[in-house]
Amino acid sequence: MVIAKIETFPLRIPFKPGSRSDAAAWGDKDLPAADSLLVKVTTDEGLEGWGEAFGFKAATSVRLAVDELIAPLCIGRDATQIAPLMLEVQKSLHVFGRNSPLIFGISAVDIALWDIAGKAANAPLYRLLGGGAADLACYASLVRYSDPSLVRANVRRAIDSGFRSLKLHEIELSAIRAAREEAGADTEIMLDVNCAWTRAKELEEFHLKWLEEPLWPPENYDGLAQLRRTCGIPIAAGENVSTLMDFERLMAAGAVDFVQPSPAKMGGVTELCKVFPLAAVTNTAVMPHSFYDGPGLLAAIHATAALGTADAMIEWRYFDLEARPYGGVLAPQRGRILVPQGPGLGIDPDPSVIHAYMRV
């Protein structure tokens, strides 16, 4: 089974007009829409697999990397030899860097090839990876609202829709305090400050499940380890780690309680699956980063269902978008999400969504 074609589909899906996210995402108007890049791989036998690269403002650069660098190395190659092919591609292109658009693009192609593998075997991906849970706990990952009143309103909305675990992206104490007061003591709250925080001691009163990426730069593993030893709050990191060797260094440094590999950023399913046994050696919980809505999210779901521990959770991006790649087919219910049971990733993106929101 040979790779015959690789196509890229850059999407821009705006927030619903008048929605809370449209009014206040990230605290300003800098994020009017969610950009993503879907990648479709087609074999000579007509099987199609879908992948996703981490997008936002990097989508154009990732598309160029796929079209100009990655696809020419994959066309005509055996689609069933996923790990050897992806390793060869990484070695061939390492001179351009081991992170950012290049690895994002490789991630998308890898996910698409695993989707094809499942379809060829007529089995959902998680069964190819060893089988596992039919559904998983998930948490609502909120945008940054900054305004305490908006934080309260959206925390309440998420709880009322069934979530019992929430992740904030707030950086002001007043907004974090508003979330904890609204959620009460029985709701788990995680906080991702995107490398913007240096005052972790001030967060102890909020009883966080974890504090995510508190330091700049994100590769300051020794600094994270020191903070973890002294701040009294569990530490999470890993979405900006792109190689298995760096994941090993992160955990060997004793820097995290929760490690967060991101399948659309660090090599796809092939590399994601390697992190689980590596984390088990240091008794570190794996909580994949999946701040996206397409095949990257499904890759995280399938790998976690097969390889995750009983306390693993899926990140559900709590955005008010006009549309989602899978329409209403994929959505949490009462804080849990079903693992799709169709072949491969289990669901293909909705063609009408791609047609309506594709950037030319």
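Let's start with what packs over helix α2. The cover on its buried residues includes strands β1 (3–14), β2 (33–43) and β3 (48–53), along with helices α3 (82–93) and α4 (101–121). Keep in mind that this is a predicted model.

Which residues of α2 are buried? They are A59, V62, A65, V66, I70, A71 and C74. Look at the spacing as you read that list. An α-helix has 3.6 residues a turn, so residues three or four places apart point the same way. Now find V66 again. Helix α2 covers residues 59–74, and it bends by about 40 degrees at V66. So V66 is on the buried list, and V66 is also where the bend sits. After the helix comes G76. Its phi is positive, near 85 degrees.

Next, helix α10. This one takes in residues 268–281. Its buried residues are G268, V269, T270, E271, L272, C273, V275, F276 and A279. Just past the end, N283 has a positive phi of about 55 degrees.

I want to pick out two residues in α10. Take E271 first. Is E271 buried or exposed? E271 has a relative accessible area of 14%. The cut-off for buried is under 20%, so E271 counts as buried. And what does E271 touch? Setting aside neighbours within four places in sequence, E271 is in contact with Q90, L244 and M266.

Now L278, in the same helix, α10. L278 has a relative accessible area of 21%. Buried means under 20% and exposed means over 50%, so L278 is partly exposed. Its contacts are L244, F247, E248 and M251, again leaving out neighbours within four places. Notice L244. That residue contacts E271, and L244 contacts L278 as well. Then look at F247. In sequence, L278 and F247 are 31 residues apart. In space, their C-alpha atoms are 8.3 Å apart.

On to helix α7, residues 173–183. The residue to find here is A175. How accessible is A175? Its relative accessibility is 0%, so A175 counts as buried. A175 touches S146, P148, V151 and E170, not counting residues up to four places away. Put Y145 on screen too. A175 and Y145 are 30 residues apart in sequence. From C-alpha to C-alpha, the two are 8.1 Å apart in space.

Let's zoom out to the whole protein. How many helices and strands does the protein have? There are 12 helices and 12 strands. The radius of gyration is 19 Å, close to the 21 Å that the globule rule gives for 360 residues, so the protein is as compact as a globular protein of that length. Along its principal axes, the C-alpha trace spans about 60 × 45 × 35 Å.

What share of the 360 residues is buried? Buried residues make up 57%. Then consider the contacts with a sequence separation of 6 or more. Residues 24 or more positions apart account for 71% of those.

Last, the surface and the charges. The accessible surface comes to about 14,200 Å². Carbon and sulfur atoms hold 53% of that surface. As for charge, the protein has 34 positive and 44 negative side chains. The centres of those two sets lie 2 Å apart.

Technical notes
Residues are numbered from 1 along each chain as its sequence is written. This is a predicted model: local features need pLDDT of at least 70, side-chain atom pairs count only at pLDDT 80 or more; totals for chains, interfaces and linings use all residues. Side-chain values use heavy atoms; hydrogens and water are left out. Helices (H or I, at least four residues) and strands (E, at least two) are DSSP runs, numbered from the N terminus. The radius of gyration is taken over C-alpha atoms; the globule rule is 2.2 Å times the number of residues to the power 0.38. Buried means under 20% relative accessible area, exposed over 50%, partly exposed in between (1.4 Å probe, protein chains only). Contact means heavy atoms within 4.5 Å. Accessible areas come from the Shrake-Rupley method with a 1.4 Å probe; for residues, only the protein chains shown count as cover. Lys and Arg count as positive and Asp and Glu as negative; His and the chain ends are not counted. The place of a charge is taken as NZ of Lys, CZ of Arg, CG of Asp or CD of Glu. The bend at a residue is the angle between axes fitted to the seven residues ending there and the seven starting there.
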